[in-house]
Structure formats: C-alpha cells, structure tokens
Amino acid sequence: MRKGFTLVEVLVALAIMAVLAALAWRGLDGMIRARDGSQARLERTLRLATVIAQWDQDLQALQETGVVPALSFDGATLRLTRSGGDGMQLVAWSLQGGRWQRWASPAATRVGALQDYWMRSLQLLGNEPGQLRLLDDVDQLQLYFYRGNGWSNAQSSGDVAESGGRAPAEALPTGVRLVLTIAGRTLTRDLLLAARTP
C-alpha cells in the first residue's frame, strides 16, 4: 500500500502556507512603508537644514548702506540688504500661501539700482526671476528682534536710532529670532547679528 497525503491534508498545508505568505507580505509592506516614511522625513530635514543655513548666511552678511533699510519686516516679508558678489544685494524672505520663499536681486553697484531693487521687493508676487520656493506647509512665520535686553516683535517701532537731523532710522537689532510653524510643529532659531557699516 502506497503512503501519501490525503486531499484534506494538502488543502490544510496550502491554507497554512497562504496565511504565512500573507503575514510575511504584510510585514514586508510595513517595513517598506516605514523606510519610505523615514526617507521622506530625512529629505525634509535636510531641506530645512539647507534653508536655515541660507537664512543664517543672509543675516550674517547684513550690510548698512544708508540708502535703503538694512533690515525690515512687514509681517509677511523680511527684506534685508547684504553684501553679495561685487556689490550690494537685496534679499526678501516671504511667506505666501503656505510657501516660504526667497527672492534675491542681482548685485547692485549703484545707488539707483539698489533703490530700484528695494521698490521691486515691495511688489513681489511669487513668480519673479530669482524667486526660490523653499518650504511648503508653513503655517506661520514670526520674527523677533533682540534689542537692549530683550526680544520684541519685529514689527515694533519702539527702538529708533538717532540719525543726525534726518528722519529717524530704526536701529539694527543685535539678534533675530525666527519662529516657524511647519505642519503643526514649531521651529525656533536665534541668530546673533554681525552688521557692518559701509
């Protein structure tokens, strides 16, 4: 008499193998999703680190010109004048529709060109040449300036410098605090300024 498996035994073995295969697939799928999620978070973190490094670089190159404000914030856009390349450059960091963007003018070597770039920075729409889309899903942008012995809202006009008979100019702060809310999470970055005069 030949020994073999009955049909019921074969069906039970196939059912057990199917269940094990399904469990293995779910485990593999979960590992792939976790890897993809980790990769996406890593890419967002690297992008954020690059953006913050550019932010720091722009503020460290801050330059007083006496022609246009060296640093100005209107609640949505930070405009600053920095030394760049062969002249002065106007940079605008703005939050528009949940996107944090950076616009940089070409280097200006003449007063008229710098004033023109300043006027252009007041009318940015978000699609100009030189406009970079840095981060999406930015819910809120807040800036604080360190003056005297404390942080104050960057839109405060309480600290005004004497300007020798001319219209008063706002004194440059010694520090800038950036508070970003991105997808419900808050990032705070403090930076000590090293402003230079011409």
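Why is strand 10 largely enclosed by the rest of the structure? Seven of the eight residues of strand 10 are buried, so the strand is largely enclosed by what surrounds it. The paragraphs below set this strand in its context, beginning with the protein as a whole.

**The model as a whole**

The structure is a predicted model, and the average pLDDT of the protein is 84, with 90% of the residues scoring at least 70. Residues 159–168 need caution, since pLDDT stays under 50 over this stretch, for which the model has 13 contacts beyond four places in sequence. The secondary structure comes to two helices and eleven strands, and, read along the sequence, these elements follow the pattern α-β-β-β-β-α-β-β-β-β-β-β-β. Of the 198 residues in the protein, 33% are buried. Among the contacts with a separation of 6 or more, 55% are made by residues 24 or more positions apart.

**The sheet that holds strand 10**

Strand 10 belongs to an open sheet of four strands, which has the order 7-6-10-11 and antiparallel pairing. Strand 7 (150–153) and strand 11 (185–192) stand at the edges of this sheet with a single partner strand each, so one side of each is left without a neighbour in the sheet. From one strand to the next, the twist averages 25°. Strands of a sheet pair through backbone hydrogen bonds, and the pairing may be parallel or antiparallel.

Strand 10 covers residues 175–182 and pairs with strand 11 in the antiparallel sense over eight bridges, while the antiparallel pairing of strand 6 with strand 10 also runs over eight bridges. Gly175 is a useful residue to find in the picture, because its place can be followed in both pairings: in strand 11 its bridge partner is Leu192, and Tyr146 stands opposite Gly175 in strand 10. Further along, Leu178 stands opposite Arg189 in strand 11. Strand 10 and strand 11 form a hairpin with two residues between the strands, and in this hairpin Ala183 takes a positive phi near 50°.

**The other sheet**

A further open sheet has five strands in the order 1-2-3-4-5, again with antiparallel pairing. Strand 1 and strand 5 stand at its edges, and each has a single partner strand, so one side of each is left without a neighbour in the sheet. The twist in this sheet averages 20° from one strand to the next. Within it, strand 3 and strand 4 pair in the antiparallel sense over six bridges, and Leu95 stands opposite Trp100 in strand 4.

**How the helices lie on the sheets**

The table lists the angle between each helix and a strand that serves as its reference.

| Helix | Reference strand | Angle |
|---|---|---|
| Helix 1 | Strand 11 | about 30° |
| Helix 1 | Strand 2 | about 65° |
| Helix 2 | Strand 3 | about 5° |

Helix 1 (residues 7–60) lies across strand 6 (138–147), strand 10 and strand 11, and on the five-stranded sheet it touches strand 1, strand 2, strand 3, strand 4 and strand 5.

Helix 2 (residues 111–121) has Ala113, Leu114, Tyr117, Trp118 and Ser121 as buried residues. Seen down the axis of helix 2, these buried residues fall within an arc of 140°, so they line one face of the helix. An α-helix has 3.6 residues a turn, so residues three or four places apart point the same way. The buried residues of helix 2 pack against strand 1 (71–73), strand 2 (77–84), strand 3 (87–96) and strand 4 (99–104).

**The nonpolar cores**

In soluble globular proteins, nonpolar side chains tend to be buried together. Here the largest nonpolar core has 28 residues, and those with the most contacts inside it are Trp55, Leu59, Leu71, Leu78, Trp93 and Trp100. The elements that give two or more residues to this core are helix 1, strand 1, strand 2, strand 3, strand 4, strand 5 (131–135), strand 6 and strand 10. Leu78 offers a view of the packing: leaving aside its neighbours within four places in sequence, Leu78 is in contact with ten residues named here as Trp55, Leu59, Leu71, Ser72, Phe73, Val91, Ala92, Trp93, Leu143 and Phe145. Apart from this core lies another, of eleven residues, among them Val68, Met88, Ala113 and Leu114.

Terms used: Residues numbered from 1 in each chain as written. Predicted model: local features only at pLDDT ≥ 70, side-chain atom pairs only at ≥ 80, totals over all residues. Heavy atoms only, no water. pLDDT = per-residue confidence, 0-100. Contact = heavy atoms within 4.5 Å. Pairing = 2+ DSSP bridges. Axes fitted to C-alpha atoms, helices over the stretch in contact; angles between N-to-C directions. Buried < 20%, exposed > 50% of the residue type's maximum accessible area, 1.4 Å probe, protein only. Arc of directions from axis to C-beta. Core = buried A, V, L, I, M, F, W, Y, C linked by side-chain atoms within 4.5 Å.
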